[in-house]
Amino acid sequence: MAGLKGKGEFFIDKDRLDLTERKAVEYWMKKWGVTKDQLTAAHRKVGKMTKDIAAELGKRR
């Protein structure tokens with residue numbers, strides 16, 4: 001699945017979230033309206049798949 005290409009050379013994968021990519025974390029934080037701590041906690045609990053993280057946070061993708 002194609003992801004989003006932002007300014008510069010970073011690439012946001014729409015299926016998986018890598019917490020080391022700051023721009024991707026900021027994108028999902030803004031999209032879901034959550035804090036970095038909430039996003040990190042959900043990532044640790046359910047894994048790196050964005051659909052699982054969204055379900056954990058009560059958001060729909």
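Select Ala55 to begin: in this predicted model, the residue has a relative accessibility of 47% and therefore counts as partly exposed, since that class lies between the buried limit of under 20% and the exposed limit of over 50%. Ala55 belongs to helix H3, and if you add Ala42 to the selection you can compare a pair that is 13 residues apart in sequence and 9.3 Å apart in space, taken from C-alpha to C-alpha.

Now colour the whole chain by secondary structure. The protein chain contains 3 helices and 2 strands, and reading along the sequence gives the pattern β-β-α-α-α. Of the 61 residues in the protein chain, 25% are buried, while the accessible surface comes to about 4400 Å², with carbon and sulfur atoms contributing 50% of that area. Among the contacts in the protein chain with a separation of 6 or more, 27% are between residues 24 or more positions apart.

Next, select helix H2, which covers residues 36-46. Which of its residues are buried? They are Leu39, Thr40, Ala42 and His43, and if you look down the axis of H2 these buried residues fall within an arc of 165 degrees, so they line one face of the helix. The general geometry is helpful here, because an α-helix has 3.6 residues a turn, so residues three or four places apart point the same way. Turn the view to the face of H2 that points away from its buried side, and you will find the exposed residues Asp37, Arg44 and Lys45. To see what covers the buried residues of H2, display helix H1 (22-32) and helix H3 (50-57), which are included in that cover. Following H2 comes Gly47, and its phi is positive, near 110 degrees.

From here, move to the nonpolar interior. Show the side chains of Ile12, Leu17, Ala24, Val25, Trp28, Trp32, Val34, Leu39, Ala42, Ile53 and Ala54, the 11 residues that form the largest nonpolar core. The elements that each supply two or more residues to this core are H1, H2 and H3, and H1 gives the most, with 4 residues. Such a grouping can be read against a general tendency: in soluble globular proteins, nonpolar side chains tend to be buried together.

Finally, turn to the charged side chains, where a search of the whole structure finds 2 salt bridges. For one of them, select Glu26 and Arg22, whose closest N and O atoms are 3.0 Å apart. Both residues lie in helix H1, 4 residues apart, which is about one turn of the helix. Glu26 is partly exposed at 37% relative accessibility, whereas Arg22 is exposed, with a relative accessible area of 52%.

Then select Glu56 and Lys45, which form a salt bridge with their closest N and O atoms 3.1 Å apart. Which helices does this pair link? Glu56 lies in helix H3 and Lys45 in helix H2, 11 residues apart, and the pair thereby links distant parts of the chain. Glu56 counts as partly exposed at 35% relative accessibility, and Lys45 counts as exposed at 61%. Keep Lys45 selected as you return to H2, for it is one of the exposed residues on the face turned away from the buried side of that helix.

Definitions and conventions: Residues numbered from 1 in each chain as written. Predicted model: local features only at pLDDT ≥ 70, side-chain atom pairs only at ≥ 80, totals over all residues. Heavy atoms only, no water. Buried < 20%, exposed > 50% of the residue type's maximum accessible area, 1.4 Å probe, protein only. Contact = heavy atoms within 4.5 Å. Areas by Shrake-Rupley, 256 points an atom, 1.4 Å probe, with all protein chains shown as cover. Arc of directions from axis to C-beta. Core = buried A, V, L, I, M, F, W, Y, C linked by side-chain atoms within 4.5 Å. Salt bridge = Lys/Arg side-chain N within 4 Å of Asp/Glu carboxyl O.
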